[in-house]
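Visitor: Please look closely with me at one part of this structure, the positions annotated as "binding site", and follow the chain outward from there. I would like one connected account, with the cut-offs of each term given once.

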Amino acid sequence: MRLQVVDHPLVAHKLTTLRDKRTDSPTFRRLADELVTLLAYEATRDVRTEQADIETPVAATTGVKLSHPRPLVVPILRAGLGMLDGMVRLLPTAEVGFLGMVRNEETLEASTYATRMPEDLSGRQVYVVDPMLATGGTLVAAIQELIKRGADDVTAVVLLAAPEGVEVMERELAGTPVTVVTAAVDERLNEHGYIVPGLGDAGDRMYGSA
Ligand code: URA
């Protein structure tokens, strides 16, 4: 597994406002969307392309276009939905799949309640999006499902990560073609599985409800 922390003043600025508990839901959604677009720019640095011959108004030339099969963007429901627009803004031709996962707040174990994506992901680059890499349980389960379906290159885009979650990902996904792109790795997880200092419950802050 490869970890990429995006070091950019605009990323740091937007993340600071997201963390602030006084930031209301509409502002939180807008900033999360902007932050995802910046992270998506870094996350797609290795997106596959193929040669394309075109004519400009002046001359024939050769450029690149995204290859087939098209990339797949998979938000993890519920909070990952708030990151979908930011991803497809940069990858408008991507297909979109959905994974519904919920974390048991006592055991912190993740379970899947809905799956909607192609059965066969062979040869696909997949971008899985979820705001918080906390214990790592949800993302590990999601990525294992993608790899089981044949995905050969998975990038997880998260707003924030905890060192504990990064360690779990490194252990459970050792030797797999997985990259994690994040705006920051915070200090730690608290006893309730929240990232410290973090930004609270990302889903609640986005949607204003539990
Ligand atoms: N999920 C969240 O929304 N926030 C955390 O801090 C951890 C998990």
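**The annotated site and its surroundings**

Guide: Pro 69 lies in the loop between β3 (60-66) and β4 (72-77), where helices (H or I, at least four residues) and strands (E, at least two) are DSSP runs numbered from the N terminus. What you see is a predicted model, in which local features need pLDDT of at least 70 and side-chain atom pairs count only at pLDDT 80 or more, while totals for chains, interfaces and linings use all residues. Residues are numbered from 1 along each chain as its sequence is written.

The peptide bond leading from His 68 into Pro 69 is cis, with omega near -5 degrees. Most peptide bonds are trans. A cis bond is also found from Val 196 to Pro 197, with omega near 0 degrees, and Pro 197 sits in the loop between β13 (195-196) and α6 (202-207). That loop brings us to the site you asked about, since the place of Asp 201 is in the loop between β13 and α6.

The annotations come from UniProt, whose positions follow the numbering used here, with feature names shortened, and they may be inferred rather than shown by experiment. In an unreviewed entry, "binding site" is listed for Arg 78, Arg 103, Asp 130, the run Pro 131, Met 132, Leu 133, Ala 134, Thr 135, Gly 136, Gly 137 and Thr 138, and for Asp 201. A "binding site" annotation, again from an unreviewed entry, covers Ile 195, Gly 200, Asp 201 and Ala 202.

Which residues surround the ligand in the model? Met 132, Ala 134, Gly 193, Tyr 194, Ile 195, Gly 198, Asp 201, Ala 202 and Gly 203 do so, a residue being near a molecule if its C-beta atom, placed from the backbone, lies within 6 Å of it. This shell divides into five nonpolar, three polar and one charged residue; Ala, Val, Leu, Ile, Met, Phe, Trp, Tyr, Cys and Pro count as nonpolar, Asp, Glu, Lys and Arg as charged, and the others, Gly among them, as polar.

Asp 201 counts as partly exposed because it has 14 C-beta neighbours inside 10 Å; a residue is buried with 20 or more other C-beta atoms (placed from the backbone) within 10 Å of its own, exposed with 12 or fewer, and partly exposed in between. Ala 202, by contrast, lies in helix α6 and counts as buried because 25 C-beta neighbours lie inside 10 Å. Leaving aside neighbours within four places in sequence, Ala 202 is in contact with Ala 79, Pro 131 and Met 132, contact meaning that the C-beta atoms of two residues, placed from the backbone, lie within 7 Å.

Thr 138, which the record also lists, belongs to helix α4 (residues 137-148) and is buried, since it has 25 C-beta neighbours inside 10 Å. Setting aside neighbours within four places in sequence, its contacts are Ile 76, Met 101, Arg 103, Ala 110 and Asp 130. Arg 103 itself lies in strand β6 (residues 98-103), and it is partly exposed because it has 16 other C-beta atoms within 10 Å.

Moving outward, Pro 75 is found in strand β4 and is buried, with 25 other C-beta atoms within 10 Å. Apart from neighbours within four places in sequence, Pro 75 is in contact with Gly 80, Leu 81, Met 83, Leu 84, Phe 98 and Val 129.

Tyr 127 is located in strand β8 (residues 125-129) and counts as buried, having 27 C-beta neighbours inside 10 Å. Although Tyr 127 and Ala 156 are 29 residues apart along the chain, their C-alpha atoms are separated by 5.8 Å. Leaving out neighbours within four places in sequence, Tyr 127 is in contact with Ala 43, Pro 71, Val 73, Met 87, Thr 155 and Val 157.

Val 157 appears again in the largest nonpolar core, where, of 54 residues, Val 128, Ile 143 and Val 157 touch the most other members; such a core is a set of buried Ala, Val, Leu, Ile, Met, Phe, Trp, Tyr and Cys residues joined through C-beta atoms within 7 Å. Not counting residues up to four places away in sequence, Ile 143 touches Val 128, Val 154, Ala 156, Leu 173 and Val 178.
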